[in-house]
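Visitor: I am new to this structure and should be grateful for a close look at a single part of it. Could you please take me through the salt bridges, and explain each term as it arises?

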Amino acid sequence: MPKILKSRRLHYGSSAVFSTVVFFAILVLVALIAERHPLRADFTETGAFSLSEQSRKVVASIEEPITIKAFFASGAPEASRAKDLLETYRYYNKNLHYEFIDPDREPQLARQYEIRDYGVLVVEGLGRKETVLRADEEALTNALFKLSRQEDKTVYFLTGHGERSFDDMTKAGYSSARSALVKENMQIKSLNLMQQTEVPQDAAVVIVAGPQKPLFPEEVATLETYLLRGGKLVFFLDPEKDGGVRSFLQKYGIVLGDDMIIDKLSRVFGGSYLMPVVTQYGSHKITQGFNVATFYSEARSVTPVDDPPDGVTLVTLASTSENAWAETDLDRLYRGEAIFEQDKDKPGPVSLGVLAAVDTKKVASEQPSVSQGSNGAQDADAEAQDVEKTDAKPALGYLVVFGDSDFVDNTHFGVSGNSDLFLNMVHFLAEEETLISIEPRMQKAQTLMLTAPQARMVFWTSVVGVPMVVVLVGFGVYRVRRSQR
Amino acid sequence: MRGFWAVYRKELYALFASPIFYVVAFIFLVLHGYFFYTSLAYYSMVSFQASQNPFMAQQINLMDMVVRPVLMDLGVVLLLTAPLLTMRTYADERRSGTMELLFTLPVTDKAVLAAKFAAVLTTLALLLAGTLPSMAILETLADPNWKAMLCAYAGLFFMGASFMSLGMFSSALTRNQIVAAVLSFGALLLFWVIGWLSSIMGPTSVRLAEYLSIIRHFDNFSKGVLDTRDVVYYLVFISFFLFVTVRQIESYRWRG
C-alpha cells in the first residue's frame with residue numbers, strides 16, 4: 001500500500017474513532033443528566049405509580065441516604081409490584097436506595113435482619129431501622145416517617161405493685177419484650193406513681209403488667225387523667241388479681257371476669273387446659289391481617305359490655321375458640337375437676353383482650369370532676385388546655401385490657417404470634433396520633449364479558465380482517481408491478 | 001439535508017415494492033390478532049368469574065390484562081421482524097453497486113441516513129397502525145384508558161425505532177442482507193436479555209445492566225407512565241447507532 005494512502009487512512013480512521021468517542025461521551029452525559037432530573041407523567045386512572053400528597057411530603061424531607069432491603073423470592077410477582085413501588089419512591093427522592101434480596105439465596109442476611117417471611121422490607125438509615133411487613137404505600141411512608149423522626153417514643157411500665165419487670169431476665173420477667181421494643185426504636189422507662197403526681201408528658205404508652213397488689217385510688221385517678229388527655233393505657237391483669245382497677249375499667253365498658261379460661265383445644269398444641277389458644281381476632285388495625293395463634297397461660301376473661309358508655313368504642317381484640325369456656329368455680333378448678341356448667345360458666349368463644357377507644361372530648365366534658373378530684377388545680381388547668389386542644393382534633397385515648405400478663409413474659413414471648421401481637425399493639429398505641437393513613441387506591445371495576453357474536457367480531461377483525469387487507473394490498477402491488485414490466 | 005425527500009421517496013418505493021414488507025406486516029398483524037383475541041377471551045372469562053366477586057372485580061383491569069401484555073408480545077415480534085425491515089437499507093446498496101452512485105450524487109450522507117431511517121420508521125408506524133382497529137373494537141366494547149394506551153404505543157414506537165437504528169448500523173457493516181439481519185437480531189437480543197444478569201451481579205453493575213436493558217424502559221411506558229429517563233434512553237440509543245452508521249458509511253469514502 002502506498003505510504004500516502006496509509007497515512008490518509010490513519011488520519012481519517014483516528015478522527016472517526018475520536019469523534020465517535022466524543023459523541024458517545026456526550027450521550028453518556030445527557031443520559032446521566034436525564035437520570036438525575038427525571039420527570040414523569042402518570043397516565044393510569046388511579047395514579048398507581050404516583051405517591052399521595054402525604055407520602056410526597058415525607059419522602060421529600062429525607063436528606064440522608066436510606067437503604068431499603070426488600071426480601072422477596074426472586075421472580076415472584078409480588079417482587080415486581082414492590083419494585084414498581086420502590087422505584088416510584090426513588091423517583092421522588094434520590095437518597096432512597098433499594099436492593100432486592102432473596103432470603104433463600106442469602107440466608108445469613110435474612111437471619112441478620114430476622115426475616116421470617118417473604119415480602120418484608122427493612123428500611124435502614126439515620127442509624128436506625130424499621131421493618132415493613134406489607135409493601136404498600138401506607139406502610140412504607142410510615143416507616144420512612146418514623147425513621148426520619150428523631151425522638152424515640154417512650155413506653156412506661158408501671159412499678160410499685162409487684163408488676164412484671166423489664167429488667168427481670170428470669171422466666172417471669174419482661175426482658176425479651178424490652179429488647180424487642182428497643183429494637184423498634186422505643187425507649188423503655190419505669191413509672192412509679194407513688195412518687196409522681198402525673199404521668200410524664202413524653203409517655204407514648206403506659207403498661208401495667210400484672211400487678212400483684214392493688215393500685216391506690218390516687219394512682220388510678222392519675223392514670224385516668226392520663227387516659228383522658230389522649231393517653232394510651234395497657235393493662236395485663238391475671239386471674240384473681242384485678243389491680244384495684246375493676247371499677248375504673250367498668251366505667252369504660254370493660255368487664256373483668258372472676259374466672260379462668262379453660263381450653264380443650266390447647267391440649268392439641270401440647271399445652272395444658274389452662275393455656276387458651278386465641279385464633280380469632282377482632283377487626284382492628286392492631287390485628288389486621290393477623291392469622292397466627294397466640295397462647296395465654298392462665299388467663300381470665302375480659303369482656304366488653306353490650307352497651308358502651310357515650311364516647312367509648314369497644315373492640316374485642318382476641319377471643320378463644322368455641323371449645324373454651326370461662327370457669328368461675330376456681331376451687332373446683334384447682335382440685336382438677338373443672339367441667340363446663342351451663343348456667344354458671346361463660347361459654348366460648350371467650351374474649352380475653354378488649355380495646356376501648358375513648359373520645360376524650362366527649363368523656364371529659366361529661367365527667368369534669370374526675371381529674372380535678374384527685375390531682376388538684378394544676379391538673380385541672382392542664383385538663384382544660386387539653387380539652388381546648390382536642391377541640392381542633394378529636395383526640396382518642398386508648399385503653400387496652402388483656403386477661404393475662406404472662407403471655408409476653410420471657411417464657412412465652414417467642415411462642416407463636418405472642419410477640420407480634422404485643423408489638424403490633426404497642427406500635428399502634430405509640431404511633432396512633434402520628435401515623436399517616438393513606439387510602440388505598442381503588443380502581444373501578446372494569447369487567448368485559450364478550451357475547452358470542454362479539455367474540456366472533458373480534459376474531460374476524462383482528463386475526464383475519466386486518467392481515468387480509470395487507471395480503472390484498474401486497475397482491476395488488478405485485479399485479480401492478482408485473483403489468484408495468 | 002439536500003436530497004432527503006428524493007431518497008425518502010425512493011426508499012419507500014423500494015420497501016413497498018418488495019414482498020418483504022407484506023410478509024413481515026402479515027405475520028406481525030396475524031400474531032397481534034392472535035394475542036389480542038386470546039387475551040380478550042381470557043379477560044372475558046376472568047370477568048365472568050369476577051362478576052360473582054366484587055373484590056376480584058376491583059382487581060382486574062383492561063390496561064393490565066389486555067393492552068399491556070399484547071403490546072409486550074408485539075415488542076417481541078418487533079424484535080424478530082425489525083432486522084428484516086432494515087437489513088436491506090445499506091447492504092443492498094453495496095451489493096448492487098448503487099452505493100457509489102449515492103456517493104457521487106449531490107446528497108449528503110446524513111440526508112441519506114435520515115431518509116432511510118424515516119422510511120423504516122414509516123413502515124414501523126404502518127405496522128403499529130395496523131393494530132389500531134383492534135383497539136378501536138376495544139373502545140366499542142369497553143372503556144379503555146386511551147391516555148395510558150397511547151403512552152404504551154409511544155413506548156412501542158420508541159423501542160421499534162431503537163431496533164431500526166441498530167438494524168441500519170448492522171446493515172451498513174456488511175454487503176450481505178442475511179448477515180445484516182442476523183447481526184442486528186443478535187445484538188438486539190443481547191440488549192433485550194442484559195437485564196437478566198441483574199440477579200447475579202453486584203449492585204453497581206446491576207444498575208448499569210438494568211439501564212442498558214432495552215425492554216425495561218418499555219416497561220414504564222406500557223404501564224402508562226411516561227418518564228423522561230426512558231425517553232432519553234431511547235433517544236440516546238437511536239442517536240448513537242445513527243451516528244456510528246454515518247461514520248461507517250463515511251469510512252467507505254476514505255477506505256476506498
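Guide: The account below turns to the salt bridges, beginning between the chains and then moving within them.

This is a predicted model, in which local features need pLDDT of at least 70 and side-chain atom pairs count only at pLDDT 80 or more, while totals for chains, interfaces and linings use all residues. Residues are numbered from 1 along each chain as its sequence is written, chains are lettered from A and ligands numbered from 1 in the order in which they are written, and side-chain values use heavy atoms, with hydrogens and water left out.

A salt bridge here is a side-chain nitrogen of Lys or Arg within 4 Å of a carboxyl oxygen of Asp or Glu. Over all chains, the count by this rule is 25 salt bridges. Between chain B and chain A there are four. In one of these, Glu87(A) pairs with Arg229(B), and the closest N and O atoms are 3.8 Å apart. On the side of chain B that touches chain A, the largest share, 14 residues, comes from helix H2 (residues 19-50) of chain B; helices are DSSP runs of H or I with at least four residues, numbered from the N terminus.

Within chain A, the side chains of Glu224(A) and Lys251(A) form a salt bridge at 2.6 Å, N to O. This pair links distant parts of the chain, 27 residues apart: Glu224(A) belongs to helix H7 (residues 217-228) and Lys251(A) to helix H8 (residues 246-251) of chain A. Glu224(A) counts as buried because its relative accessible area is 5%, whereas Lys251(A), at 35%, is partly exposed. Buried means under 20% relative accessible area, exposed over 50%, and partly exposed in between, with a 1.4 Å probe and protein chains only. A further salt bridge in chain A joins Arg246(A) to Asp242(A) at 3.1 Å, N to O. Arg246(A) is partly exposed at 26%, and Asp242(A) is partly exposed at 22%.

In chain B, Glu250(B) forms a salt bridge with Arg247(B), with the closest N and O atoms 3.0 Å apart. Both residues lie in helix H13 (residues 228-255) of chain B, three residues apart, about one turn of the helix. Glu250(B) is partly exposed, with a relative accessible area of 23%, while Arg247(B) counts as buried at 16%. Elsewhere, salt bridges that share partners connect Lys10(B), Glu11(B), Arg88(B), Glu93(B) and Lys116(B) in one network.

Note on methods:
Helices (H or I, at least four residues) and strands (E, at least two) are DSSP runs, numbered from the N terminus.
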